[in-house]
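Thanks for sharing this one; I have gathered my comments as numbered points. Please read them with the coordinates open.

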Protein chains: 2
Amino acid sequence: MKALEEKIISEGKVLPGNILKVGNFLNQQMDVEFIMEMGDEIARLFHDSGATKILTVETSGIAIAFAAAYAMKLPLVFAKKHASANMSGDTYTAEVASFTHKKVYQIAVSAEYIRKGEKVLLVDDFLAVGNALRGLMSICGQADAEVVGVAVAIEKQFQGGGDSLRAEGHRIEALAKIASLDEKNGVTFC
Amino acid sequence: MKALEEKIISEGKVLPGNILKVGNFLNQQMDVEFIMEMGDEIARLFHDSGATKILTVETSGIAIAFAAAYAMKLPLVFAKKHASANMSGDTYTAEVASFTHKKVYQIAVSAEYIRKGEKVLLVDDFLAVGNALRGLMSICGQADAEVVGVAVAIEKQFQGGGDSLRAEGHRIEALAKIASLDEKNGVTFC
C-alpha cells in the first residue's frame with residue numbers, strides 16, 4: 001500500500017533498537033480516515049478468505065482491526081493483556097514475549113468469543129518476530145477455530161517472523177514491508 | 001439512544017458489585033457496525049462543539065472514540081495506561097483510581113499529541129464515578145487545551161460521576177443512562 005509507505009517515510013521515526021515509531025498516525029495518535037482506508041485494503045486482500053471473525057490483541061492492534069472488521073462486516077474480538085474484573089468464566093490464554101517492551105505477558109480471550117469451527121482473520125499493527133500472532137494462533141487452536149490468514153499494517157521483514165509463519169503455510173499480508181530500519185539510513189521497503 | 005438501551009437489555013449482563021458487562025458488543029467482542037452508529041450519534045450531539053481532537057483512554061474506550069473520530073473527521077488520541085518503550089520525550093500524566101479493577105494506575109499522553117489551545121472532546125465507553133475522565137481533564141489542563149465536552153456510551157448515573165461533572169459546568173452526553181443496576185432486578189434506565 002503505497003500510501004502507507006509514504007506516510008511511514010514522512011511521519012514515522014526510527015528509534016534506537018530497530019523500533020519504528022508511528023505514534024503520530026497509527027498508535028497513540030490515530031489518523032482515523034487513513035486507518036479506515038487500511039481496513040478497506042485488508043478487506044480487498046481477504047475478501048475470499050471466508051473469515052467469520054477478526055481477532056487482534058490490545059492495544060495498538062485495535063484500531064486497524066476495527067477498520068478491517070467494519071469493511072468486512074465482521075465482529076471483532078481482542079485478546080486482553082491485563083487481567084480484568086470483567087473477565088469471568090472460561091478463558092483461553094497464551095504467553096507472549098514482547099519485542100518492544102522486553103517482557104513476557106499473558107494474553108487472554110473469553111472462551112465465549114471464539115467458537116469451535118470459526119474462521120478467524122488475525123489483524124495487528126506490527127509483525128516483527130511474530131510472537132503476538134503466535135499467541136493468537138495458540139488461542140485459536142485451543143478453541144478449535146481455524147486461522148484463515150493474517151493481515152498486518154507493517155511487517156519488519158528483516159526480523160523474520162512473517163517469513164517463518166509463511167513457511168508454516170500461513171497466509172500473511174502486510175500493507176507495508178520493511179527490509180531494513182536504522183537510525184542513520186531510515187526505512188527501506190522490500 | 002434507544003438501540004443501545006435495547007442492546008444492553010438483550011446482551012448485557014449484570015455482575016456482582018454493580019458491574020455491567022457488555023463484553024459481547026462493546027468490549028472484548030465488538031459489534032463494529034453498531035459502534036459506528038454510536039459514533040454517528042456522538043457526532044450529531046457534538047456537531048457544534050468546535051472540537052479539534054478526540055481523546056480517550058485505553059483500552060475499552062478506543063473503539064467508540066475511533067467511531068466518533070471517524071464521524072467527526074477528527075484525529076484521535078488515547079492515553080496509555082502502561083508505560084511503553086515507544087513513549088519518549090515529554091508526557092502529561094495523571095493518576096486514576098479504577099472502579100472496575102480496584103487499583104490506582106497512571107495514564108499518560110505524549111505532549112506532542114495534545115497542543116495548547118486545542119479543543120478536546122473526551123470519549124469513553126463508561127462513566128461511573130468519573131475518575132478516568134478527571135484524569136483526561138487533568139492532562140488537557142496540563143497541555144493548556146480546552147475540554148469542550150464529554151461523550152460516553154453508558155453512564156451509571158447512580159454512581160454520581162456524571163452529575164458532579166455537570167455541576168462543575170462540563171457538557172456530558174451519555175448514549176444510555178442507567179438509573180440502577182442489580183443482579184436481581186437488572187438494568188433500569190433514567
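1. A good place to begin is the salt bridge between Glu112(B) and Lys13(A), whose closest N and O atoms are 3.5 Å apart; bear in mind that this is a predicted model. Glu112(B) sits in the loop between strand S7 (103–110) and strand S8 (119–127) of chain B, while Lys13(A) belongs to strand S1 (residues 13–15) of chain A, so the pair joins two chains. Glu112(B) is partly exposed, with a relative accessible area of 27%, and Lys13(A) also counts as partly exposed, at 43%.

2. This pair has company at the boundary. The rule finds four salt bridges across the interface of chain A and chain B. In one that involves Glu112(A), the partner is Lys21(B), with 3.2 Å from N to O. Polar contacts between the two chains come to 20 residue pairs, both residues being at pLDDT 80 or more.

3. Which parts of chain A each supply at least two residues of the side that touches chain B? They are S1, strand S2 (19–21), strand S3 (29–30), helix H2 (32–45), H3, strand S5 (76–79) and strand S7 (103–110). H3(A) gives the most, with five residues.

4. For the interface as a whole, 44 residues of chain A are in contact with 44 residues of chain B. Together the chains bury about 3900 Å², and 57% of that is on carbon and sulfur atoms.

5. The symmetry is worth a line in your text. A turn of 180° and a shift of 0.0 Å along the axis lay chain A on chain B with an RMSD of 0.0 Å. That is the relation of a two-fold axis. Within chain A, Thr59(A) has the C-alpha nearest the axis, at 3.1 Å. The same surface serves both copies, since 98% of the contact residues of chain A recur in chain B.

6. Please take a look at helix H3 (residues 62–72) of chain A too. It is mostly covered, with nine of its 11 residues buried; among them are Ile62(A), Ile64(A), Phe66(A) and Met72(A). Just after H3(A), Lys73(A) adopts a positive phi of about 55°.

7. The largest nonpolar core has 85 residues. Those with the most contacts inside it include Phe66(A), Ile42(A), Leu4(B) and Ile154(B). Not counting residues up to four places away in sequence, Ile154(B) touches ten neighbours you can pick out by eye, including Leu4(B), Leu20(B), Phe126(B) and Ile178(B).8. Over all chains, the structure holds 26 salt bridges, and two within single chains make a nice contrast in setting. Arg166(A) pairs with Asp163(A), the closest N and O atoms being 3.0 Å apart; both lie in helix H5 (residues 161–167) of chain A, three residues apart, about one turn of the helix. Arg166(A) is partly exposed at 24% relative accessible area, as is Asp163(A) at 32%.

9. Glu118(B) and Lys53(B) form another salt bridge, with closest N and O atoms 3.4 Å apart. This pair links distant parts of the chain: Glu118(B) is in the loop between S7 and S8 of chain B, Lys53(B) in strand S4 (residues 53–57), and 65 residues separate them. Are these two buried or exposed? Both Glu118(B) and Lys53(B) are buried.

10. Finally, a network of salt bridges links Lys7(A), Glu11(A) and Asp31(A).

Key:
Residues numbered from 1 in each chain as written. Chains lettered and ligands numbered in written order. Predicted model: local features only at pLDDT ≥ 70, side-chain atom pairs only at ≥ 80, totals over all residues. Heavy atoms only, no water. Core = buried A, V, L, I, M, F, W, Y, C linked by side-chain atoms within 4.5 Å. Buried < 20%, exposed > 50% of the residue type's maximum accessible area, 1.4 Å probe, protein only. Contact = heavy atoms within 4.5 Å. Least-squares fit on C-alpha atoms with pLDDT ≥ 70 in both. Salt bridge = Lys/Arg side-chain N within 4 Å of Asp/Glu carboxyl O. Helix = DSSP H or I, 4+ residues; strand = E, 2+ residues; numbered from the N terminus. Buried area = accessible area lost by both parts, 1.4 Å probe. Polar contact = N/O pair within 3.5 Å; in protein donor to acceptor, adjacent residues only side chain to side chain.
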